[in-house]
Amino acid sequence: MSGATNIEWFKDNNLISGSNTNSLDITSGGLYKVVATNSFGCKSEYATTVTSIKLPSVELGNNIDKCAGDDPVILNVGMDTSYNYRWTKNGLSIPSNDSGILMVSSSGLYGVEVINSSGCKNRDSVIVNFNSFPVVSLIDKVVFCENSKYTLAASISGSANIKWFKNNIPINAATSEVLEISTAGTYEVSATNEFGCTSMAETAATTLKSPVVKLGNNQIKCEGETVNLNAGNDGTKYQWFKDGSLVTDATQNIITINESGNYKVVVTNSELCKSEDTIRIDFFSRPKIEDFPSEINTCQGSPFSLIAKVTNFQSLQWYFNNSIIGGSISPNLPVFNSGNYGIEATNIAGCKTRKDTRVEVRSLPVLDLGPDVVSCQNMPVVLFAGTEGILYNWARDGQPIFNTENNLPVLTTGTYQVSVTNSFNCTATDEKKVSFSTGPTVTLNGDVAICEGTNHFITITTNAVNPEIKWFKNAELIPDEIGSSLNVTLQGTYEAWVKGGSPACTTIKSVNITVNPRPALNLGNERKLCDPPVFPVLNAGQTNVSFVWSLDGNQISTQQTVTADKSGIYSVKVKNNFGCERTEQVKILISTYPSLIIDTSYVLCEGSDLIVNAVTNGTKYQWRRNDILIPSAINKTLVITQAGKYTMISSNDADCRTEASFNVVSRPRPVLELGADTTLCPGAVKLLNAGIQNSYVWSDGSTTPTINVSAGIPATAITKKYAVTVFNEFGCSNKDSIFITLIPIIKATIMADNTAICKGISVQLTASGGQIYKWSETGGSNTLSNTSQATTKATPTKTTIYTVEVSNNLCSSNKDTKSIEIKVYDDSAVSAGRDTCIIAGRSLKLKASGGKKYQWDNIDLISGSSDIAEPIVSPIKETTFNVVITDTNGCNYDASVKICIKAADVKQISIITPNNDGKNDELIFPGLTDFPNNNLKIYNRWGNIVFEAIGYQVTGILFNGERNGERLPADTYYYVLTYDNKIIKSALTLLWD
């Protein structure tokens with residue numbers, strides 16, 4: 001924008017803050033306007049409307065990991081039929097899919113680009129992986145002795161998480177590839193990789209019986225006693241050990257012990273399984289305690305403990321007056337009361353020793369100096385130390401005071417201590433802090449001289465909290481003044497009495513206030529002067545010492561006087577010898593007589609007004625007619641309606657006046673009549689005549705007495721105004737005009753509030769272009785509410801064409817016709833899905849189709865959203881699910897689907913007899929056909945698989961006791977049946993006869 005010194009941008013007529021450059025970045029639609037201003041204040045502006053088109057919404061979510069064999073992944077970004085969808089896999093286009101839904105069954109990077117009708121694009125991508133299962137294997141069979149341990153090692157590849165189970169129960173904290181086991185059972189290991197894919201393997205562990213060995217609990221004995229240890233009768237071989245060394249001569253199940261030590265026995269049975277047990281045997285002597293003094297004295301409150309010197313003990317117990325002291329089991333015993341004390345020591349063998357003494361606890365003197373105290377200065381505090389002492393020692397702040405009495409007068413701030421000793425040589429101490437206050441700190445804001453007529457605040461600064469304040473002037477109390485500041489205007493000595501603290505002491509401070517007079521000054525009244533021969537002199541007074549003159553706020557002089565030779569407000573600020581200030585001002589208006597230019601004569605045409613404009617620089621105006629004042633005439637311009645002599649007086653703000661006079665003569669105006677307003681049909685012509693005049697000016701620029709108006713063939717109704725101004729020989733004018741409406745060619749139009757509707761819905765048809773309407777329709781179904789008005793309502797049951805003939809009542813040959821087709825949608829593509837059944841306790845995905853939106857009932861049986869085509873439902877009894885389906889055309893249809901319930905149990909089978917008698921010839925599980933995704937494995941007693949099938953009873957053959965066409969031996973087999981995340985493990989008896 002060239003020449004602009006200031007640029008402003010607006011959005012929706014609101015100023016955009018900070019936008020002052022030639023360009024503007026925008027992020028949303030709206031009405032944008034720029035206003036540019038040059039250095040002369042001239043402005044230009046430009047506005048434009050910006051429409052913001054919303055990007056399509058695209059969200060594929062986070063990357064997806066699935067296991068090999070899982071159901072396909074559904075990528076869904078919506079089904080807006082106005083959008084175009086372009087899918088890619090690993091960067092390559094998927095041309096067979098142009099909808100918003102993609103079924104994915106293989107790994108890859110999938111992307112989608114969505115394009116709306118305006119060409120705006122948005123895209124997203126997601127990685128989908130179908131991951132392999134881990135490989136897991138275990139040894140087939142494990143045998144070990146009871147009470148021993150066996151380490152199971154699983155061979156696992158591709159695993160991130162390992163879990164072990166025993167008899168289908170998880171083993172806590174078992175998460176490595178090896179598991180140490182000690183009991184029989186079925187052990188399983190599951191391996192789950194980082195993608196949640198899980199594989200399992202299992203083995204059966206059995207144990208051999210081990211000997212039962214129980215030596216009992218550890219024993220404690222006194223010296224000279226013996227202990228017999230018995231290892232039981234389950235063994236065929238016994239080995240005894242003492243402190244880890246073999247006792248060579250001990251080979252029987254019983255051994256006699258008389259020495260301290262750790263004893264172990266190892267017992268072996270006929271299965272060569274071993275068991276062992278250990279026991280600790282200790283032989284102890286009696287404990288020893290040194291003697292106490294017969295009597296011990298201590299002072300009350302002084303820490304004192306009885307300390308026993310004890311050896312060769314396992315536990316201690318103290319007694320007070322022969323009663324057990326609970327919890328006192330250490331050699332040290334704190335003592336607080338007088339009485340008989342004893343200690344008993346017991347070793348691990350239960351041998352005991354006891355010693356006793358007498359303890360006397362003497363009382364301390366009673367002493368209490370009381371709480372800390374604060375007193376006003378010169379008011380002594382007396383400290384009293386009681387009467388129970390025989391010796392008193394005083395100190396202040398840790399320094400001794402020569403005073404042996406039980407009382408002490410105090411006049412000095414400090415912390416006072418006293419020690420009191422009684423006749424039992426027991427001492428009590430106490431201390432008390434004594435402080436003396438001189439009253440709160442108080443400062444005033446000092447002596448000051450103020451100018452007459454001004455206010456001054458005396459302010460108190462004090463450390464007192466919520467002080468009591470009194471003010472005095474010249475030693476007299478000022479009533480009702482109790483605040484921390486005092487507003488003064490008069491001279492005098494002011495005192496502030498501040499009382500506060502604890503105790504409440506008073507501090508007095510004073511300040512002197514001097515009041516000086518203001519300067520004398522008078523500039524006089526406002527003056528107005530017209531072309532004065534001499535300008536006035538303004539004087540600020542001889543008694544003042546400084547002067548600052550200004551004119552309309554601009555400083556002009558620092559002298560005592562100034563000459564007022566310009567118009568404006570003269571102001572002066574003066575100071576006297578006390579430094580007091582005063583400001584006065586006066587308005588001076590100096591002006592010349594205004595100029596005035598006006599013609600001396602004018603012509604007033606009959607029936608019209610004459611406007612006379614005076615050219616003058618005056619600011620106030622008066623008009624007179626025939627020397628009589630016209631009251632309402634106060635502007636430069638005068639509207640004249642009568643002939644006569646007129647005078648104009650112009651004056652300025654200083655009331656300086658100039659006047660001029662002129663004559664007005666009246667003349668007749670021309671006669672003119674164009675006729676009444678009219679209309680013209682297409683192709684018609686009309687002559688307009690202004691009569692005989694001196695001159696003519698038509699609104700189309702013509703200057704002839706007459707003009708022709710041609711209607712032509714307009715597309716829309718047009719009303720035109722034709723005007724003419726005529727002049728006579730006196731220059732007087734007259735005007736007239738006529739409105740001519742041109743009737744347009746009829747152009748029929750039809751508008752419908754919808755051209756495609758759902759069956760049973762009405763649509764409003766509105767015709768325009770004329771005044772008379774005749775409707776008709778194809779098929780003669782009579783679906784219109786009326787056939788003779790501009791607006792009618794149609795309710796077609798199938799696609800129908802409606803036609804209207806439009807005319808008016810002005811021009812008979814002026815008419816037109818128009819047709820419109822109303823399309824009717826049907827519900828042939830809408831379905832809630834087929835009726836079906838599910839297993840009790842399971843969920844089912846409903847499959848409605850043909851719609852864009854769905855709303856199901858029975859929402860308490862739906863997991864997740866109830867407004868999707870395929871919700872997950874979990875009915876507990878036969879249920880009909882109803883859905884309202886909205887198709888892509890916005891039509892709503894009702895549909896329903898019935899879900900029945902089948903039993904969820906699979907019966908366990910324990911025997912088959914394949915003897916061709918038609919009963920139990922094959923292994924058949926009732927109810928298994930409801931779970932086609934099952935897995936069956938049958939093992940012999942050595943853990944070998946003899947039969948395996950996926951989808952048993954659904955695909956393939958049934959187990960009939962044969963393997964590869966040969967009979968299996970009659971025996972007990974074991975099978976594992978997995979279905980619907982459940983496992984049945986059972987023995988299966990095979991009988992041929």
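Q: Let's start with charged pairs: which side chains meet in a salt bridge at 3.7 Å, N to O?

A: Good place to begin, and keep in mind that this is a predicted model. The pair is D655 and R657, whose side chains meet in a salt bridge with an N to O distance of 3.7 Å. For any such pair, look next at how much of each partner is open to solvent. Here D655 has a relative accessibility of 42%, so this residue counts as partly exposed. R657 counts as partly exposed too, at 47%.

Q: How many salt bridges does the structure hold?

A: There are 18. A useful habit is to ask where in the chain each partner sits. Take E948 and K937, which form a salt bridge at 4.0 Å, N to O. This pair links distant parts of the chain, with E948 in strand β90 and K937 in strand β89, 11 residues apart. E948 is partly exposed because its relative accessibility is 46%, and K937, at 27%, is partly exposed as well.

Q: Which parts of the chain does the salt bridge between R941 and D971 tie together?

A: R941 belongs to the loop between β89 and β90, while D971 is in strand β93, so the bridge ties together parts that are 30 residues apart in sequence. Their side chains meet at 2.9 Å, N to O. R941 is partly exposed, with 41% relative accessibility, and D971 is partly exposed, with a relative accessible area of 22%. Partners can also be shared: E188, E202 and K985 are joined into one network by salt bridges.

Q: Now the nonpolar cores. Which residues have the most contacts inside the largest one?

A: With a core, read the number of members, then the members with the most contacts, then the elements that supply them. The largest nonpolar core has 24 residues, and those with the most contacts inside it are L923, F925, L936, I938, Y952, F959 and L977. Strands β89 (935-939), β90 (945-950), β93 (971-979) and β94 (982-990) are the elements that give two or more residues to this core. The largest share, four residues, comes from β93.

Q: What is F959 in contact with, leaving aside its neighbours within four places in sequence?

A: F959 is in contact with I912, E922, L923, I938, F947, Y952, L968 and L988. Beyond this core there is a second, separate one of 21 residues, which includes A832, I838, L846 and Y893.

Q: Let's turn to single residues in a strand. Is E360 buried or exposed?

A: The cut-off helps here: buried means under 20% relative accessible area. E360 counts as buried because its relative accessibility is 18%. This residue is found in strand β36 (residues 352-362). The side chain of E360 makes a polar contact with the side chain of S338 at 3.5 Å. Not counting residues up to four places away in sequence, E360 touches E295, I296, N297, T298 and S338.

Q: And D356, where does that residue lie?

A: D356 lies in strand β36. With a relative accessible area of 45%, D356 is partly exposed. Its side chain makes a polar contact with that of R354, at 3.2 Å. Leaving aside neighbours within four places in sequence, D356 is in contact with F292, Y341 and G342. For a sense of scale, the C-alpha atoms of D356 and K121 are separated by 100 Å, and the two are 235 residues apart along the chain.

Q: How do I read a pocket, and what is the volume of the second largest one?

A: The general idea is that rolling a probe the size of a water molecule over the atoms shows where empty space is left. The second largest pocket has a volume of about 710 Å³. Of the 31 residues that line this pocket, M79, I101, G851, Y854 and A869 are the closest to its centre. The elements giving two or more residues to the lining are β6 (73-76) and β83 (853-856).

Q: Finally, backbone angles: what is the phi of D243?

A: D243 has a positive phi of about 50 degrees although it is not a glycine. D243 sits in the loop between β23 (237-242) and β24 (245-246), and is partly exposed, with a relative accessible area of 45%. N322 also has a positive phi, near 70 degrees, in a residue other than glycine. N322 lies in the loop between β32 (315-320) and β33 (323-324), and is exposed, with a relative accessible area of 63%.

Key:
Residues numbered from 1 in each chain as written. Predicted model: local features only at pLDDT ≥ 70, side-chain atom pairs only at ≥ 80, totals over all residues. Heavy atoms only, no water. Buried < 20%, exposed > 50% of the residue type's maximum accessible area, 1.4 Å probe, protein only. Polar contact = N/O pair within 3.5 Å; in protein donor to acceptor, adjacent residues only side chain to side chain. Contact = heavy atoms within 4.5 Å. Core = buried A, V, L, I, M, F, W, Y, C linked by side-chain atoms within 4.5 Å. 1 Å grid on protein atoms, 1.4 Å probe; cavity = no way out; pocket = protein on both sides within 12 Å on 5 of 7 lines; lining within 4 Å. Points joined across faces, edges and corners; volume = space filled by probe spheres on them.
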